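Please open the structure in your viewer and keep the selection tool at hand. We will go from one small group of side chains to the next, and at each stop you will be told what to select and what is there.

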Amino acid sequence: MRVLGVNGWPGASHDGAACLVVDGEVIALAEEERFTRNKHAYGEAPLNAAAHCLAEGGFTLDDIDVVAHGWDLPKLFGDRGLDWFADDAAALEHLLPKALFPRSRDPRLTFVNHHIAHAASAYHLSGRDRGAILVLDGQGEDVSTTLAVGIDGEMKTLRSHTPGWSLGYFYAAVCEYAGLGADAAGKMMGLASYGTPQDLTFGGALDFTDEDFTVGVVPPDLRSTGSTDEETATIRHWLRHLEKALSDAPNRSVRRFDPRVGRYTKVTDRDPFEYRDIAATAQAALERAVMALVRGLLRESGETTLLVAGGVGFNATLNGKLMRMPEVQDLFVQPLAGDQGVSLGAAVWCAAQEGDRIRPMEGSVAWGPQWDADAIRRVLEASGTAYTEPADIAAATADVLAAGGVAGWFQGRAEGGPRALGHRSMVAVPNPEGTRDRVNVRIKDREAWRPFAPSMQEEAAEALIGTTTPLPYMIVTTPVTEAGAAVMPAVVHSDRTTRPQTVSAEVDPLYHRLIGEVGGHTGTPVVLNTSFNGRDEPVVCSPRDALATFHRLPMDALAIGPFLVRRPDSAVGEARA
């Protein structure tokens, strides 16, 4: 069966994406933001992403059996009294117009419940026959939290929470209060480790039991009018309460024209770092609530395997705590935990419903576009960029890093999700500690307190992080050993944890070899790895993206396919040719 999974809707969505699943195997996946260069692709249909997936499979829509959308949009619009299309043909034309996707017939259009799609992305792709499933996000059609169980290919929902009691919206409200912005959950997670938790109830707004939580400041039956979600209303309830409950006033922001960058930027009254205790309190409250949910879910389901999806699943600190719960014997967090992942979930759910056996994920999410050496060479020459072609790109790049350089690493197929995992990465040696400040402040133009993550050969994991458990997706934090803290201080956070990626020679041989070549210089096969992008922009996708970002940001070198581009004024010594 051929299924094109999609997320995104014109004018009413975020994180648009598409994936192609053929006979239960993921063939391609891409996010719309990577093509349009608009971060999160707000309000964009996944036109470029869908076109890529079809091209990767050698198909047109005529060859597709089902287009599966990761939201039940007819129900969502109908429940809220909003206009919907007269039939599926009109809806499909609105989503994937024939002018861009010529076809002689329409495939079946299926709208999958949002949390079912999230749950399917975790369960069907985990490789586990059974497990407890936890979905946590802002909200789906009419729920924000879903507790379910998957056994022998079938999923069953056990219970849920309504949108007003969304832990995702609670966390977003505190982000907004601290001046980070409501969509800056990753920033606040990093900030939290610098602070000290205070009152986890936030003045009585939250209450915790051993197996659940309640919210006292938002009506559980909250329903917005004229809107497809309760985000604005829920965050407004929280902000009103936080102003009363917290001693620190909200960190107001305004947009001002900044001549330095030539556009309007957000300016806050205070440095968000001053809100680190509030961030720490929100993180601790989130952890307490979710750990209670997990205890209840595992008891009710009788399972010891936990499968997690939904945007809150990107909280790596929380995931680390879940992994270390005594009740959790096995943890899988979908690395495409956010809404980009429901394109994947909707597709595999439909395929499984039709009897296809789903091939599980095997340590990589590199299903996006790729360019061969000839295509990259043409881009380099057309741009007038000087380059060399070393005999061994991994060894030549390792020379740059060992000499103190920071390099872009553009190799193979682009990855999905917010984490760079060795295909569209920016890499450096994670020692000395000052490397973190250089990459944060000088290169990526972001807050100095933002953490970085290491990519390490899986053979070195036990010495550096004290575990041999494969952690290929950089979505769980772990404590760092004494030896690890000594050799990679630039990626050790203030709470003595890190968010590791363990790299397998079988899954990613070139990146594994780069890390090994670095280890040949430093004695430890580990690199600092961050996403290859500038501030407030998506991760690079194409060779042109990579060149533009390299020329704009003060990196020392770019390894793009087999070619090495060096910054002429770099102080780093010459790499081997």
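Begin by selecting Arg-567 and Phe-550: in this predicted model, Arg-567 lies over the face of Phe-550, at 4.5 Å from the ring centre. Then select Arg-424 together with Phe-410, where the charged end of Arg-424 sits over the ring of Phe-410 at 3.8 Å from its centre.

**Aromatic pairs**

Next, turn to rings that meet other rings, of which the structure has 12 aromatic pairs. Select Trp-84 and Phe-111, whose ring centres are 5.7 Å apart and whose planes stand at 80°, so the pair is edge-to-face. This pair links distant parts of the chain, since Trp-84 is in the loop between α3 and α4 (88–95) while Phe-111 is in strand β5 (residues 108–111), 27 residues apart. Trp-84 is partly exposed, with a relative accessible area of 24%, whereas Phe-111, at 14%, counts as buried because the cut-off for buried is under 20%. Now add Trp-9, Phe-77 and Phe-85 to the selection, and you will have one aromatic cluster made of Trp-9, Phe-77, Trp-84, Phe-85 and Phe-111.

Clear that selection and choose the pair Phe-170 and Phe-202, both of which are buried. Their ring centres are 5.5 Å apart and their planes are at 75°, so this pair too is edge-to-face. Phe-170 lies in helix α6 (residues 167–177) and Phe-202 in the loop between α7 (185–192) and β9, so the pair ties together parts that are 32 residues apart in sequence.

**Salt bridges**

The next stops are a few of the 33 salt bridges that the structure holds. Select Glu-25 and Arg-359, whose side chains meet in a salt bridge with an N to O distance of 3.0 Å. Glu-25 lies in strand β3 (residues 25–31) and Arg-359 in the loop between α11 (340–353) and α12 (373–383), so the pair ties together parts that are 334 residues apart in sequence. Glu-25 is partly exposed, with a relative accessible area of 31%, and Arg-359 also counts as partly exposed, at 41%. If you add Glu-362, you will see that Glu-25, Arg-359 and Glu-362 are linked in a network of salt bridges.

Then select Lys-75 and Asp-79, which form a salt bridge whose closest N and O atoms are 2.9 Å apart. How far along the helix are Asp-79 and Lys-75 separated? Because they are four residues apart in helix α3 (residues 73–79), about one helical turn separates them. Asp-79 counts as partly exposed at 47% relative accessibility, and Lys-75 counts as partly exposed at 32%.

Move on to Arg-159 and Asp-212, which form a salt bridge with their closest N and O atoms 3.2 Å apart. Here the pair links distant parts of the chain, with Arg-159 in strand β8 (residues 154–161) and Asp-212 in the loop between β9 (206–208) and β10 (213–215), 53 residues apart. Arg-159 is partly exposed, with a relative accessible area of 25%.

**A buried glutamate**

For the last stop, select Glu-287, which lies in helix α9 (residues 276–301). Is Glu-287 buried or exposed? At 9% relative accessibility, Glu-287 counts as buried. Leaving aside its neighbours within four places in sequence, Glu-287 is in contact with Thr-317, Leu-318 and Lys-321, and a polar contact of 2.8 Å joins the side chains of Glu-287 and Lys-321.

Notes:
Residues are numbered from 1 along each chain as its sequence is written. This is a predicted model: local features need pLDDT of at least 70, side-chain atom pairs count only at pLDDT 80 or more; totals for chains, interfaces and linings use all residues. Side-chain values use heavy atoms; hydrogens and water are left out. Helices (H or I, at least four residues) and strands (E, at least two) are DSSP runs, numbered from the N terminus. Buried means under 20% relative accessible area, exposed over 50%, partly exposed in between (1.4 Å probe, protein chains only). A polar contact is a pair of N or O atoms within 3.5 Å; within protein, one must be able to donate a hydrogen and the other to accept it, and residues adjacent in sequence count only if both atoms are side-chain atoms. Contact means heavy atoms within 4.5 Å. A salt bridge is a side-chain nitrogen of Lys or Arg within 4 Å of a carboxyl oxygen of Asp or Glu. Rings of Phe, Tyr and Trp (its six-membered ring) pair if their centres lie within 6.5 Å; planes under 30 degrees apart count as stacked, over 60 as edge-to-face and the rest as tilted. A charge sits over a ring if NZ of Lys or CZ of Arg is within 6 Å of the ring centre and within 35 degrees of the ring normal.
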